[in-house]
Amino acid sequence: MKNQEIQVKYHLKHKKGLLIGGILFSFFFMGLLLIKFSISFHLNGDMITNISYKDFYQEQGVILKIFGKDFSQQVKIRGEVENGKIGEYPIVYSYSLAFFPMKITRTVKVTDLDAPIIELKGELKQTICPNAVYEEEGYTAYDEYDGDLTDKVEIIEEGNTIKYKVTDSFFNTTIKEREVRKEDKLSPTITLVGGSTIYVKKDSDYKEYGYQAMDGCDGDITDKVEVEGEVDTSKLQTYKVIYRVVDSSGNKQEVERTVIVNEVKTSSPTTPGVIYLTFDDGPSGTGSTAKILDVLKKQQVRATFFVTGSGPDSLIKRAHEEGHVVALHTYTHNYGQVYSSVDAFFADLERIGERVKNITGQETFVTRFPGGSNNTISSKYSKGLMPTLREQVITRGYSYFDWNVDASDAYQCAKASVTDKKLCVYKNVTGGLSKTRSNVVLMHDIKSYTADALNDIIEYAKNAGYTFDVLTTTTNPVRFR
Ligand code: ZN
């Protein structure tokens with residue numbers, strides 16, 4: 001019994017010791033916790049800090065507070081960032097407080113932060129034909145770090161948008177867009193062969209001169225043109241012929257041709273002793289045409305100028321405004337071109353007609369064939385062309401004039417051996433004039449000596465009792481044929 005009692009007592013004492021130890025330990029532990037919770041240790045900035053390889057790393061520091069007291073300055077910082085060199089650099093922040101070694105690590109990533117640059121060639125917004133496929137006009141992609149990335153560009157089509165996407169080796173992505181709309185809003189054009197006004201001789205056969213319809217998207221749609229309107233050449237009337245066409249997108253075009261059935265009057269009575277001064281191949285910007293206009297103005301004489309595509313518009317304007325007739329001599333005056341075919345001839349003649357109309361505001365139907373109506377040079381380019389042209393010119397409402405007095409200023413007087421060219425021109429003209437008929441005098445206003453001779457020629461003619469006039473479609477023509 002006694003032994004048992006002792007044993008119990010011992011146990012009791014031992015338990016007491018453990019209890020006290022436990023309590024003391026708890027206090028200690030709670031103390032640690034208290035300290036632990038009173039510590040505030042954190043980074044300024046991010047745990048992972050990305051900076052560009054082009055920038056310098058600037059230390060942002062840490063904040064350490066223990067029981068509200070600032071220990072930030074006592075924190076040890078280790079680690080170094082190699083500026084400009086791609087890589088990951090750890091920065092370690094540490095502080096030791098008895099039982100509490102504290103440590104935070106920041107990772108500084110020196111990397112490429114700049115996205116590549118995409119440049120697109122061509123317009124960023126454009127419209128193409130509905131049936132067309134957009135043809136890439138090109139692009140380039142460049143990254144400051146990676147260099148040329150053009151071949152890495154991905155092209156994504158989404159509806160009307162084409163997206164160009166590229167990603168550099170640091171996963172910086174750039175997307176650029178191009179808008180390509182498919183639509184055709186433009187109307188087709190209709191070109192009328194023979195022009196918008198055609199003169200046809202009464203009782204002649206009228207046949208359609210032809211037309212061409214072109215569309216920006218559909219191309220040649222001439223076969224879709226509908227023609228409406230009849231021309232009856234037995235009546236002296238003005239007719240309208242209408243040409244209509246619709247392209248595949250529903251855009252319409254309509255043009256009108258005026259066909260005038262007329263009687264070409266060739267019956268203005270010939271006045272004996274009248275002189276028609278005519279000047280070919282101009283105007284000339286070198287001064288001769290201007291000088292001729294000055295002389296005509298001074299002498300109060302009107303003349304006819306068969307002009308070409310050369311020279312300044314202002315001289316054509318001046319000639320017209322000063323009462324002269326501006327007539328047509330073809331635009332290019334290039335034999336090989338104008339005499340290559342009937343179509344080529346009229347295309348050229350209509351071109352000079354357009355020029356004159358644009359300058360003077362008037363349509364002209366007085367014409368002269370380069371080289372004259374019986375020239376042989378044309379057969380070099382197209383055999384048997386002249387008879388067709390002579391007939392067609394009349395059928396289309398023009399009147400053509402040759403000459404019966406030749407100044408020979410383009411040939412004989414132009415020869416180097418002729419020392420007094422002015423006198424040569426004067427003699428040829430005055431010697432060719434006749435009182436018993438009308439005189440159509442061929443001269444060239446591109447020749448300075450012709451301009452020099454003109455005043456004397458007019459003085460001579462006036463003294464001899466000649467009169468002057470201009471050529472019109474109703475003038476009784478002088479023709480070789
Ligand atoms: Zn000529």
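This passage walks through the zinc site, helix 8 and a four-stranded sheet in a predicted model.

Start with the metal. Three protein side chains serve as donors to the zinc ion: Asp281 through OD, and His329 and His333 each through NE2, at 2.1 to 2.2 Å. Along the chain, these donor residues follow the pattern D-x47-H-x3-H. One of the donors, His329, has a relative accessibility of 2%, so it counts as buried, the cut-off for that label being under 20%.

Next comes helix 8, which covers residues 448-463, 16 residues in total. From first C-alpha to last it reaches 24 Å, close to the 22 Å expected at 1.5 Å a residue. It isn't straight, though: there is a bend of about 35 degrees at Leu454. Leu454 is also among the buried residues of helix 8, along with Tyr449, Thr450, Ala451, Ala453, Asn455, Ile457, Ile458 and Ala461. The cover over these buried residues includes helix 2 (288-299) and helix 7 (421-432), as well as strand 22 (274-280), strand 28 (439-444) and strand 29 (467-468). Just past the end of helix 8, Gly465 adopts a positive phi of about 90 degrees.

Finally, the sheet. Four strands line up in the order 9-14-13-12 to form an open sheet with mixed pairing. Strand 9 (125-128) and strand 12 (154-158) sit at the edges, each pairing on one side only. From one strand to the next, the twist averages 25 degrees. At the strand 12 edge, the partner is strand 13 (residues 161-167); the two run antiparallel and are joined by five bridges. Within this pairing, Ile156 stands opposite Lys163 of strand 13.

Terms used. Residues are numbered from 1 along each chain as its sequence is written. This is a predicted model: local features need pLDDT of at least 70, side-chain atom pairs count only at pLDDT 80 or more; totals for chains, interfaces and linings use all residues. Side-chain values use heavy atoms; hydrogens and water are left out. Donors are N, O and S atoms within 2.8 Å of the metal (3.2 Å for Na, K and Ca); water is not among the atoms, so sites may look incomplete. Buried means under 20% relative accessible area, exposed over 50%, partly exposed in between (1.4 Å probe, protein chains only). The expected span of a helix is 1.5 Å times one less than its number of residues. The bend at a residue is the angle between axes fitted to the seven residues ending there and the seven starting there. Contact means heavy atoms within 4.5 Å. Two strands pair if DSSP finds at least two bridges between them. Axes are lines fitted to C-alpha atoms, for helices over the stretch in contact, and angles run from 0 to 180 degrees between N-to-C directions.
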